[in-house]
Amino acid sequence: MKARAPILEWRGVTKRFGGKLVLDRLDLTVAAGRSLVIMGGSGQGKSVTLKLALGLLRPDAGKIRFEGRRLPGGLRGAQQRLYRVAGVLFQGAALFDSLTVWENVAFRLINADGLGRKVAKAAALEALEQVRLEPAVADLYPSELSGGMQKRVGLARAIVARPKILFFDEPTTGLDPVTADAINLLIVDLVKRLGCTAVSITHDVGSARTIADEIAMLDQGKVVWRGSVADLDQSRDPAVRRFVRSGARDAT
Amino acid sequence: MATAVPLTLLSPVNAVGRLTLGLMALVGSLALFAFRGLVASLSLPWYGGQVLRQCVAVGFMSLPVVGLTAVFTGAALALNIYTGGGRFNAEQIVPQIVALGITRELAPVLAALMLAGRVAATIAAEIGAMRATEQIDAMRTLSTDPFRYLVAPRILAGIATLPLLTAVADIIGIAGGWLVSTLSLGFNPTLYARATIEFIEPWDVTSGLIKAAVFGFIVTLMGCYHGYRAVGGARGVGRAATRAMVWSGVLIFATDYVLTSLFTH
Ligand SMILES: Nc1ncnc2c1ncn2[C@@H]1O[C@H](COP(=O)(O)OP(=O)(O)OP(=O)(O)O)[C@@H](O)[C@H]1O
Ligand SMILES: [Mg+2]
């Protein structure tokens, strides 16, 4: 699999908050059309890793490249190009609370792509159906939804414009197992059938097994282990073993 | 050599230096923000729906408070001028000074202050909450520039509606003076009105409206700037709202002085 050029890469990326070192010369690559899952304990810098690639935080050192070009790269540069083709789910969903559910989902279509509201709403309803939400929620406001429903609206917003690269920060956290399975299958479908690249964060080993081509374990600001799903059970890395063990306990 | 000076003697110098650097960073970031806000406001594409919504929120909804402020100010001004004028046996000067004071100074400044209280804090809280819940980050990843979608409509609404509010305040303020003068100071209604109209010059009104446009920019800019930079959750949002209000107020008075002295020469 070495042949494929990485579509996204972190090279020696360091990030501090105050005096606290969160990422310590992190190296990570994602190949085009593959699904990478980042795992790791709470507070180990998983969300920060995504936000750095999305240009929402600046690295203190190191480079991040998208399609070989350095991010952020100026006004019309690589970062804008990444936004064009990316679908992002934030950990806290980050829905616009002054807009209805369907206006949230259709936000990019209306405000960036200049689509008419009617066409955009139809696309939004279709995306909502993919994340198993009823059309009836379309006219509600985010504050009227449960946490899991908000998460799914965030997912719908991320996939509505048929992105090439997906960034999902804990897509199944807070969902019941049936819905979580459906979301996992949706991600697999997007990657396998539509050829998307996916970078997902999850705590759930079971979910990782379903959606990942590759898994990277983040610990103490570095990738301490990286391998395919099949390698997961053979890994001797203590952080990985802890995750696999507790994942197996959850499954029973 | 620096080592020849005891470190304790340097600490006041350090403090002054840090303060200066901090101040320069602040002015720099504010200037940069204002520049980006203006560029987004004055160039296409515009989010027309957002601009319209903000014009209603910023301008139209402020009509009652601005109107009430103006009528009472005009009335009180007339009474004061009557008292002051009486000391020179010049009570008949009331309509002229009321008109001048309202149009050149009080209508724009008071309308701007009411806006600072009503709107700057609201804008800062709205945008600050969006910052705290990553909605602004989300907007960027959705290929939508928050400066165009959030900042520009508010600034445009401020620049466009505060002059209109001021024009309304001009009329209501002068009417307030007229009301109290004819009802309790014994002025003839027609003569008072005629004195006002004959005295007032277009520049009195225009200069006030120009001030208002600048104030409208300041108030909405302060709301956006402090909201955009809010850090630390709900507490940060509260702080941003207070700062936006206080800074608007101070900057309104400072700018008022600068503009007035420019207009005077
Ligand atoms: N904006 C910020 N300001 C200061 N510190 C931050 C900020 N964002 C993240 N951190 C710190 O960086 C570290 C990593 O945070 P991050 O959100 O990436 O964790 P995570 O791996 O996503 O954890 P979780 O699984 O709980 O979401 C944390 O210790 C956090 O305190
Ligand atoms: Mg996280």
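A salt bridge here is a side-chain nitrogen of Lys or Arg within 4 Å of a carboxyl oxygen of Asp or Glu. These close-ups come from a predicted model, in which local features need pLDDT of at least 70, side-chain atom pairs count only at pLDDT 80 or more, and totals for chains, interfaces and linings use all residues. Residues are numbered from 1 along each chain as its sequence is written, chains are lettered from A and ligands numbered from 1 in the order in which they are written, and side-chain values use heavy atoms, with hydrogens and water left out.

**View 1. Lys51(A) and Glu134(B) form a salt bridge across the interface.** Their side chains meet at 2.6 Å, N to O, and the count between chain A and chain B is 1 salt bridge. Helix H2 (78-85) and helix H4 (107-111) of chain A each supply at least two residues of the side that touches chain B; helices are DSSP runs of H or I, at least four residues, and strands are runs of E, at least two, numbered from the N terminus. H4(A) gives the most to that side of chain A, with 3 residues.

**View 2. Chain A meets chain B.** Here 18 residues of chain A and 14 residues of chain B are in contact (heavy atoms within 4.5 Å). Together the chains bury about 1,600 Å², 57% of it on carbon and sulfur atoms; buried area is the accessible area (1.4 Å probe) that two parts lose on being put together, summed over both.

**View 3. Ser47(A) and Gln91(A) are the protein donors of the magnesium ion (ligand 2).** The atoms are OG of Ser47(A) and OE1 of Gln91(A), lying 2.0 to 2.2 Å from the ion. Ser47(A) sits in helix H1 (residues 46-53) of chain A, and Gln91(A) in the loop between strand E6 (86-89) and helix H3 (101-105), 44 residues apart. Donors are N, O and S atoms within 2.8 Å of the metal (3.2 Å for Na, K and Ca); water is not among the atoms, so sites may look incomplete. Ser47(A) is buried, at 18% relative accessible area, while Gln91(A) is partly exposed, at 39%. Buried means under 20%, exposed over 50%, and partly exposed in between (1.4 Å probe, protein chains only).

**View 4. Helix H7 (residues 189-199) of chain B has Tyr192(B), Ala195(B) and Thr196(B) as its buried residues.** On the other side of H7(B), Thr190(B), Leu191(B), Ile197(B) and Glu198(B) are exposed. The buried residues pack against helix H4 (94-132) and helix H6 (146-184) of chain B.
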